[in-house]
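Me: I've got this model open and I'd like a close look at one part of it. Could you walk me through the short helix named below and then what surrounds it?

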Amino acid sequence: MSILACIVIAALWEFLVMTGMHIVLLTLALTQLLSVGSDSCVLVAGGIAQFATWGMAFGAFLRIKEKDEKATNLGYALSGIVGGVTESALYGCGFKYTRCLIGMIGGGAIGGLIAGLFHVTVYVMGASNFLGIIGFAQGGISNLVWGIVASLVAFASAAILTFLFGFTKEQLEADAQAARIKAA
């Protein structure tokens, strides 16, 4: 597996999903999985990208002050973690606050870098929620640990980048104003 390929796919996966182009890569991954018994690029990067997307929504939850919008972003993160859904976070957070996409892309790239450096491999195509990490287990404890680390780092770095850079000053001021109005 090319480290660069894992970084790029993990960073851009959700945009591939939006356009339907992820199906092309999934076909390659399934072929790899069926012929060799493992995949160390597409399925790994796609899973890491999901964690980054959930991290983006969680970072927005931490940053936003208005209660309804805050709760909505927490819902986006939780629906992904538990249910495996990324579209709500992508469209509800990423497209509403386009700078939040920086967090998602950055988190995916950082997680992809870790997975590529440590040759993380998936042996089972399974759940698209947090249980997807089970796919790393057959490769031994080291593969499982590095798969979990890459996923959690993608989540955390996306949340941090979103918190720090995901909103314009105007958006934050409008959010604070809306929170004050609702509190009054």
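**Around helix α5**

Reply: Keep in mind that this is a predicted model. The buried residues of α5 pack against α1, α3, α4 and α6. Those buried residues are Ala89, Leu90, Gly92, Cys93 and Gly94, and the helix itself covers residues 87-94.

Two of these names come back when you look at the nonpolar cores. Leu90 and Cys93 belong to a core of 14 residues, which also includes Tyr76 and Leu101. That core lies apart from the largest one, which has 27 residues. In the largest core, the residues touching the most other members are Ile9, Trp13, Val42, Leu43, Val44, Ile48 and Ala115. Helices α1, α2, α3, α6 and α7 each put in at least two residues, and α3 gives the most, with nine.

Now stay with α3, since it is one of the helices that α5 packs against. Gln50 sits in α3. Is Gln50 buried or exposed? Its relative accessible area is 14%, and buried means under 20%, so Gln50 counts as buried. Setting aside neighbours within four places in sequence, Gln50 is in contact with Glu14, Gly84, Thr86 and Ser128. There's also a long-range pairing to check in your viewer: the C-alpha atoms of Gln50 and Gly80 are 7.8 Å from each other, although the two residues are 30 apart along the chain.

Gln50 also takes you to the largest pocket. Along with Gly46, Gly47, Ala127 and Ser128, Gln50 is among the lining residues that lie nearest the pocket centre. The pocket holds about 450 Å³ of space and has 26 residues in its lining. If you're thinking about chemistry, the lining splits into 13 nonpolar, 11 polar and two charged residues. Helices α1 (3-19), α2 (22-36) and α3 each supply at least two of the lining residues, and α3 again gives the most, with seven.

One more helix rounds this out. Helix α7 runs from 141 to 165, and its 25 residues reach 35 Å from first C-alpha to last, close to the expected 36 Å. Its buried residues are Asn143, Gly147, Ala150, Ser151, Ala154, Phe155, Ser157, Ala158, Ala159 and Thr162. An α-helix has 3.6 residues a turn, so residues three or four places apart point the same way. The cover over the buried residues of α7 includes α3 (42-63), α4 (67-83) and α6 (100-117). Those three helices also pack against the buried residues of α5.

Conventions:
Residues are numbered from 1 along each chain as its sequence is written. This is a predicted model: local features need pLDDT of at least 70, side-chain atom pairs count only at pLDDT 80 or more; totals for chains, interfaces and linings use all residues. Side-chain values use heavy atoms; hydrogens and water are left out. Helices (H or I, at least four residues) and strands (E, at least two) are DSSP runs, numbered from the N terminus. The expected span of a helix is 1.5 Å times one less than its number of residues. Buried means under 20% relative accessible area, exposed over 50%, partly exposed in between (1.4 Å probe, protein chains only). Contact means heavy atoms within 4.5 Å. On a 1 Å grid over the protein atoms alone, a cavity is a set of points where a 1.4 Å probe fits but cannot get out, and a pocket is an open set with protein on both sides within 12 Å along at least five of seven lines; lining residues have an atom within 4 Å of a point. Grid points are joined across faces, edges and corners, and a volume is the space filled by probe spheres set on the points. Ala, Val, Leu, Ile, Met, Phe, Trp, Tyr, Cys and Pro count as nonpolar, Asp, Glu, Lys and Arg as charged, and the others, Gly among them, as polar. A nonpolar core is a set of buried Ala, Val, Leu, Ile, Met, Phe, Trp, Tyr and Cys residues joined through side-chain atoms within 4.5 Å.
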